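Please look over the sequence and the model below before reading on. The notes that follow are grouped by topic.

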Amino acid sequence: MARLKVDWHCPDRSASSLLKSPIARKPSVTMSPSPLHLLLMAASLPVVMVMSDPVSEDSWAPPLNTPPSLPYPPMGGPGRSFPPDGVNVTEPGTGDVQAYCQLLLQGPTPVPPNQVPWFCLCTQCQSRQGPKGDQGDRGLPGSPGSPGRRGPTGFRGSPGFVGRQGIKGQKGDEGEKGDRGLQGFIGPKGGRGYKGDKGEQGLEGRPGDQGPKGDDGVCPDICENSHGPPGPRGLPGPAGPRGLTGGPGLLGPKGMKGDTGDPGRPGAPGSEGQKGEPGPQGDCNCTNGSEGVPGPKGDKGDKGDQGQEGRDGLRGPKGNNGVMGPPGMMGPPGPCMPSIQSAFAAGLGSSYPPPNTPVVFSQVLYNVQGSYNPGTGIYTAPVNGTYVFSYHLTVHERVLKVGLFHNFRPVVKTTDPKVLGTTSQSVILHLARGDQVWIQVRDTVTNGMYAGSESSSTFSGFLLHPDTCDMALLRTPITPLFRPELGYTWGDLSYPSTAGAGSAEQVPAADEMDKNEMSTLIRSIIREELKAHMDELQPQLASIKLDVKICVEKVTSMETALSAHSDQINKLEKDCGSLRKVCSMLQHENQELKEKTDRLEGYSRRFNIRVFGLDKDVEENNAKAYMTALLKEVFKGQKKLPCQPDVEIAHRVAGKGPGPRPMIVRLQRFMVKEAILKIAKQEKVLEYKNMKLKIFPDLTAETARRRAQFNNIRGKLFQAGIQSGLIHPATLILNFNGEKRIFREATEAEKFYAEKIKPSLSVDHEA
């Protein structure tokens, strides 16, 4: 957009003098126009110059033809002097400035108007400057200019004074752990600290390897026991090979009776035995119960709850027609006799009668002629004629839908939806002789007919008049009325009906009604039927709502119980996890205790030997003296021991067996025990008084079990010709191809035999 710039040229007077004139200062004064005034106004009109918008830094580009640089006016003239008060400071000097502007405007190269200084545009006005006028009114504020360029950043100022210490801030969030710093220099050695608490006992280390055999001891001249100071406790020696199975010991005293054991499983059934001989006839002191005196009558039991009404059974097949009987006796006088009369009245004996059958009014109030059957509830017309029937019923607790039926067809129907009320109906019918009339309810839901001590339901009728004598009459018996295949059904009326509380369902014929009345009647019937059905469904809906509420409460209680059970299960799982840890720890401790116990027991047996092959009762209740003499006799001469075999204690092994039990002997010196085992291993069998003896070390049951695991592999190694042996407590050692191998588990030895020894044996066999 172009911008307008106003520049005032004053050929005769300056712009400031015009602004100070009465015309410029008081524009509201009315003056008569004159040629001089018009000339002044034309001369003072603003000259409009079109100038472009200021150029931004981003869109600026240097001009194609750069204008010549203009010389600046001299700054030493009066234009740079400070004028006295009241002089316009923006006015340049009149000397050098005019020369400069003339040189600029009259130069060989024209200068664009936008580059001409402002003081060169009105130099002619300055020479005719009049006296200073009064200060003009304040002009309107101009539009804001475009922002200038950002100036350079200034120098950094000197730091200010240190302010007072501020209030302590809140504690910041905990920062992340920093990286580990460089290791510092080793500080000087500190002073001796206080003695710490005693630490826990460390784990038990593995047993060390067997040490080399020591030198043979020297037996003193006199091997008598001397009570010297006890020496230091020695290391446990190696265990010897497993001894032979001992003989049975003496029978111990009879123990106490044990607890009753658990019953065993039932045995298989035995074979059927032979029939036994008949036994003698027993004496019978029986009394015939039928001849006894009857007992006293028991108390009357409580009345049971009323059972649910059963469903109707299926209708049976129709039977065959019977043979017609012979003619009966002469009947009563014909229907035209004026003396013929018939009437009845009966009351309801049982409330809520069943459907699909005539209602039985068992309480007869009047039935002289006997035309009404109180057992079936059916009235049979004695003659042709006009009859009047009516019923007056009490309704209680249920909806009542009742109808008057004539020969299995409904005549009138009544619906009463009230919980407590009465309904009645009267109707006139023409009946032929033998026709039947009764009352019937629709179903078990709408059978609200009630009879009690304070209310009654009755059914009555009478013969209004018989037919005239002009009609042909017969004196034959009444033809029986056969029951149709569908039985006592509710049926439909043969004409449109309306249902109302206490009103009969009789309406005029359809041809006597117009369309509007017919539609109104149909709507009324549908409305009443829907209302009746809704009344029937209300108790069921209430029962369903109650059942749903009960189910919701049960589900809620089950969810609560399930949540509680889930919490208990989680707690039990946690407890089980902690118990598993405790059990694992206890198992580990138990295993450690077993190992410690086995080591302690083995250490306690390090002075013991087992002697096999002794006859029964050779020690004669003095095993110590006997075994001392035996060892001295057996180990003499070349088998001489380093010292006398002094026996500390000797006894038979406890237990039962077929042969004599071995003897356990505890020696006083360990070197004597080792010498005896060495000689016994070399000799294998020792003889004493015609007894062949074998001596083995006394091992614990656990050590013996662990050694027995190597029996199978030792047999295989023996067959392969590879030397092997057991070192204490249960470690297998063998030499294979000049290399010594040690196995602490039988499975490791079996694996080594299968992978290394057996293939080499096959190669040697093939070679």
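Which residue forms a salt bridge with Lys-401, and how far apart are the closest N and O atoms? In this predicted model, the partner of Lys-401 is Glu-529, with the closest N and O atoms 3.4 Å apart. The two residues belong to distant parts of the chain, Glu-529 to helix H6 and Lys-401 to strand S7, and they are 128 residues apart. Their surroundings can be stated as well: Glu-529 is partly exposed, with a relative accessible area of 26%, whereas Lys-401 is buried, with a relative accessible area of 2%.

**Other salt bridges**

- A search of the whole structure finds 13 salt bridges, and one of them joins the side chains of Arg-652 and Glu-619 at 3.1 Å, N to O.
- Arg-652 lies in strand S14 and Glu-619 in the loop between strand S13 (608-612) and helix H7 (623-634), so this pair ties together parts that are 33 residues apart in sequence.
- Arg-652 counts as buried at 14% relative accessibility, and Glu-619 counts as buried at 13%.
- Lys-636 forms a salt bridge with Glu-633, with the closest N and O atoms 2.8 Å apart; here Lys-636 is partly exposed, with a relative accessible area of 47%, and Glu-633 is partly exposed at 39%.
- Glu-601, Arg-605, Arg-610 and Asp-698 are joined into one network by salt bridges that share partners.

**Nonpolar cores and strand S10**

- The largest nonpolar core has 30 residues, and Phe-361, Phe-389, Leu-404, Ile-439, Met-449 and Phe-459 are those with the most contacts inside it.
- Strands S3 (343-347), S7 (385-406), S8 (409-416), S9 (420-431), S10 (436-441) and S12 (458-466) each supply at least two residues of this core, and the largest share, eight residues, comes from S7.
- A second, separate core of 28 residues includes Leu-631, Phe-635, Val-665 and Ala-675.
- Strand S10 is largely enclosed by the rest of the structure, because six of its six residues are buried.
- Both faces of S10 are covered, with Gln-436, Trp-438 and Gln-440 buried on one side and Val-437, Ile-439 and Val-441 buried on the other.
- Strand S6 (residues 378-380) runs antiparallel to S10 and is joined to it by two bridges, with Thr-380 having Gln-436 as its bridge partner in S10.
- S7 and S10 also pair in the antiparallel sense, over five bridges, and Gly-403 stands opposite Gln-440 in S10.

**Open sheets**

- Five strands make an open sheet with antiparallel pairing, in the order S14-S15-S13-S17-S16; its edge strands are S14 (647-652) and S16 (686-688), each of which pairs on one side only.
- Neighbouring strands of this five-stranded sheet are turned by 30° against each other on average, direction ignored.
- S14 and strand S15 (residues 663-667) pair in the antiparallel sense over five bridges, and His-651 stands opposite Ile-664 in S15.
- Another open sheet is formed by three strands in the order S18-S19-S20, again with antiparallel pairing, and its edge strands are S18 (724-727) and S20 (739-743).
- Strand S19 (residues 731-736) and S20 pair in the antiparallel sense over five bridges, and Phe-736 stands opposite Glu-739 in S20.

**Nonpolar surface on helix H6**

- Met-534, Leu-537, Leu-541, Ile-544, Val-548 and Val-552 make a nonpolar surface patch of about 500 Å².
- Among them, Leu-541 lies in helix H6 (residues 515-604) and is partly exposed, with a relative accessible area of 37%.

How values were computed:
Residues are numbered from 1 along each chain as its sequence is written. This is a predicted model: local features need pLDDT of at least 70, side-chain atom pairs count only at pLDDT 80 or more; totals for chains, interfaces and linings use all residues. Side-chain values use heavy atoms; hydrogens and water are left out. Patches are made of residues with over 30% relative accessible area and no salt bridge: like charges are joined within 9 Å, nonpolar side chains (Val, Leu, Ile, Met, Phe, Trp, Tyr) within 5 Å. Accessible areas come from the Shrake-Rupley method with a 1.4 Å probe; for residues, only the protein chains shown count as cover. A salt bridge is a side-chain nitrogen of Lys or Arg within 4 Å of a carboxyl oxygen of Asp or Glu. Helices (H or I, at least four residues) and strands (E, at least two) are DSSP runs, numbered from the N terminus. Buried means under 20% relative accessible area, exposed over 50%, partly exposed in between (1.4 Å probe, protein chains only). A nonpolar core is a set of buried Ala, Val, Leu, Ile, Met, Phe, Trp, Tyr and Cys residues joined through side-chain atoms within 4.5 Å. Two strands pair if DSSP finds at least two bridges between them. Axes are lines fitted to C-alpha atoms, for helices over the stretch in contact, and angles run from 0 to 180 degrees between N-to-C directions.
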